[in-house]
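Here is a short report on one protein model. Look over the sequence and the fold before reading on.

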Amino acid sequence: MPATLHDLCEHHLIFVGGKGGVGKTTTAAAIGLAAADQGRTCLLVSTDPAHSLGDIFDTTISDSRTQLVDRVWGLEIDPDVEASRHIETVKSQMKQLVHPRLYDEIDRQLELATHSPGASEAALLERVAELMGDDGTLFDLVIFDTAPSGHTVRLLSLPEVMGAWTDGLLRHRERSHRLGSVLRHLGGGRIKGDDLSMIDSAQDYPDESLNEKLNTVLETRRRKFLVARDRLVDTTATAFLLVVNPDKLSILESRKIVGLLGRFNMRVSAIVVNRVLPDDVAAGGAFFAARYEQEQTYRREIATVFSPFPQVVVPLLDRDVHGLESLREVGQKLAGRWTGD
């Protein structure tokens, strides 16, 4: 378990999660800048559809890597762009496996799939899996500014789901191949494929070649997700940082996240208690004194509920966090004293 910000940055992958609006993007950016100041190269990846990473650095970030400062790059994944790119890849792969007469049908079916429920999320996961694999090896540290917690948990569980789906598809294809072999043997010859079949015609391609191509596509995809899954649960390579505000809804949501991550054998690495009121605010009158006292109650609850995890407190600044100066100030707070564990 990390005991300091320096320890946290020794991981190759950091996921920064929590309830929407708690300051995940600010935290991710501050960590990335602090790591860069220590001489490490860092890629900041935003997976939240409501991107604000570019706004913090006062620049435009796209789905291509953009250098933000020395040793820090940014990338904002657009789920719709990724879904379209993913569909084009699938089209290309499918057209290598079928007769040209089916190309129009493949285009039609996969264009519909682009707009199907879950298509954008599946494409997002694939891009994240790539960044967790070979694409991320270009950097010392890859930090994911993740979407609100429900999306994060699905992101973490999908590699397992996709692995099971791919295994099932491969087994189904193997059974179909064995059945086709039996039918050809009984019929004394080759069986002409259905013109509407997506995996076309024994007459058009040798079965061994077709099976080999299909298996290669599916196994490559399966390996990608399994690598991502292995790295997610490797605590020496991956850290999950949970950002919590001292308020009721944030605490409730964060408790759910801890429980859900535990179901997938993942453990929160540390807690950032963000936007904490300074002690002198209580002297500002009855209203501020009441707010301060309520926050103290929530801070005690956070210290108790999340006691198994290291915790660091980041105070609420007297201005918006925007630009390098304020990000470095947040980074200095993150580099302060961590308690717990």
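The report covers the overall build, the sheet, the helix packing, the salt bridges and the cysteines.

This is a predicted model, in which local features need pLDDT of at least 70, side-chain atom pairs count only at pLDDT 80 or more, and totals for chains, interfaces and linings use all residues. Residues are numbered from 1 along each chain as its sequence is written, and side-chain values use heavy atoms, with hydrogens and water left out.

## Overall build

The protein chain has 11 helices and eight strands. Both are DSSP runs numbered from the N terminus: helices are H or I with at least four residues, strands are E with at least two. Of the chain's 341 residues, 45% count as buried. Buried means under 20% relative accessible area, exposed means over 50%, and partly exposed lies in between (1.4 Å probe, protein chains only). Among contacts with a separation of 6 or more, 75% come from residues 24 or more positions apart. A contact means heavy atoms within 4.5 Å.

## The sheet

Eight strands form an open sheet in the order 3-4-2-5-1-6-7-8, with mixed pairing. Two strands pair if DSSP finds at least two bridges between them. Strand 3 (66-69) and strand 8 are the edge strands, each pairing on one side only. From one strand to the next, the twist averages 25°.

Strand 1 (residues 13-17) runs parallel to strand 6 (residues 238-244), and the two pair over five bridges. Here Phe 15 stands opposite Phe 240 of strand 6. Helix 10 (residues 286-305) packs on the sheet and touches strand 6, strand 7 (270-276) and strand 8. The direction of helix 10 makes about 175° with that of strand 7. Helix 11 also packs on the sheet, touching strand 3, strand 7 and strand 8. Its direction makes about 145° with that of strand 8. Axes are lines fitted to C-alpha atoms, for helices over the stretch in contact, and angles run from 0 to 180 degrees between N-to-C directions.

## Helix on helix

The axes of helix 2 (residues 24-37) and helix 11 come within 8 Å and cross at roughly 85°. The two helices are therefore roughly perpendicular, a label for angles of 65 to 115 degrees. Helix 2 contributes residues including Ile 31 and Leu 33 to the contact, and helix 11 contributes residues including Leu 327 and Val 330.

Helix 4 (residues 79-95) packs on helix 6 at about 85°, with the axes 8 Å apart. This pair, too, is roughly perpendicular. Among the residues in contact are Ala 83 and His 86 of helix 4, with Ala 123, Glu 126 and Arg 127 of helix 6.

## Salt bridges

How many salt bridges does a search of the whole structure find? There are 13. A salt bridge is a side-chain nitrogen of Lys or Arg within 4 Å of a carboxyl oxygen of Asp or Glu. The table gives some of them.

| Pair | N to O distance |
|---|---|
| Arg 71 and Asp 70 | 3.1 Å |
| Glu 126 and Lys 224 | 2.7 Å |
| Arg 319 and Glu 329 | 2.3 Å |

In the first row, Arg 71 is partly exposed at 27% relative accessible area, while Asp 70 is exposed at 52%.

The second row pairs Glu 126 with Lys 224. This pair links distant parts of the chain: Glu 126 is in helix 6 (residues 119-132) and Lys 224 is in helix 8 (residues 207-232), 98 residues apart. Glu 126 is buried at 11%, whereas Lys 224 is partly exposed at 21%.

The third row pairs Arg 319 with Glu 329. Arg 319 sits in the loop between strand 8 (311-315) and helix 11 (324-334), and Glu 329 is in helix 11, 10 residues apart. Both are partly exposed: Arg 319 has 37% relative accessibility and Glu 329 has 22%. Salt bridges that share partners also join Glu 126, Arg 127, Glu 130, Asp 135 and Lys 224 into one network.

## Cysteines

The whole structure has zero disulfides. A disulfide is a pair of cysteine sulfur atoms within 2.5 Å. Why is Cys 9 not bonded to Cys 42? The closest cysteine sulfur to that of Cys 9 is in Cys 42, 7.8 Å away, which is too far for a bond. Cys 9 is buried at 1% relative accessible area. Cys 42 is buried too, at 0%.

Terms used. Angles under 35 degrees count as roughly parallel, over 145 as roughly antiparallel, 65 to 115 as roughly perpendicular and the rest as oblique.
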